[in-house]
Amino acid sequence: MRINLLSSFAAGILISTTICGAVYFADNSDNPKASAKTSENRTTVKISEKEMKNKLETKGYVIQTKAEYDKIINDAKASVEKQASPDDNNPAKTVTKVIVNVSDGMTSIDVGKTLVQANLVQDAFAFSKDIEQKGLENKLRPGVYVVDSEMTLDQVISTIFK
């Protein structure tokens with residue numbers, strides 16, 4: 001009985017597949033099949049250089065020739081070199097500004113780690129110990145503080161721990 005049931009099921013699948021295939025291939029509708037290729041006629045219109053420039057300028061683009069572009073670049077490089085030459089005697093010191101965002105639950109060691117990442121403090125643990133020695137560990141409040149590399153350690157501490 002069991003083999004009879006299985007062979008009946010297989011026969012039903014075979015019959016339904018045959019019917020679906022016959023309907024698919026016998027369909028004469030106007031819908032193109034997936035394998036059919038469509039061809040399109042495309043025409044190209046050549047526009048003049050002046051028309052192209054006008055169209056780009058109306059869109060907000062700046063049109064330059066290669067020579068104009070090179071001249072502008074060379075002038076810019078020359079002006080940078082002029083400005084850089086008087087400063088060669090006195091090397092410029094770079095100032096690093098750091099924004100420290102203190103949130104609830106942060107401790108002085110967390111602030112120290114942030115300052116170590118910004119290269120303003122050498123050791124976060126030493127920074128934390130310095131805060132504890134000054135008795136400022138409870139003065140840390142949430143907020144956004146701006147410190148820079150020109151500030152001394154005491155100025156940084158007074159800015160963040162108010």
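Reader: What do buried, partly exposed and exposed mean here, and which of these is F25?
Author: Buried means under 20% relative accessible area, exposed over 50%, and partly exposed in between (1.4 Å probe, protein chains only). The model is predicted, so local features need pLDDT of at least 70 and side-chain atom pairs pLDDT 80 or more, while totals for chains, interfaces and linings use all residues. Residues are numbered from 1 along each chain as its sequence is written, and side-chain values use heavy atoms, without hydrogens and water. F25 has 68% relative accessibility, so F25 is exposed.

Reader: How many aromatic pairs does the structure hold?
Author: Rings of Phe, Tyr and Trp (its six-membered ring) pair if their centres lie within 6.5 Å; planes under 30 degrees apart are stacked, over 60 edge-to-face, and the rest tilted. Y24 and F25 form an edge-to-face pair, 5.1 Å centre to centre with 80° between the planes. The number of aromatic pairs in the structure is two.

Reader: Why is the pair of F127 and F161 tilted?
Author: The ring centres of F127 and F161 are 6.3 Å apart. The pair counts as tilted because the planes of F127 and F161 stand at 50°.

Reader: Is F127 buried or exposed?
Author: F127 lies in helix α5, and F161 in the segment after α6; helices are DSSP runs (H or I, at least four residues), as are strands (E, at least two), numbered from the N terminus. The relative accessibility of F127 is 2%, so F127 is buried.
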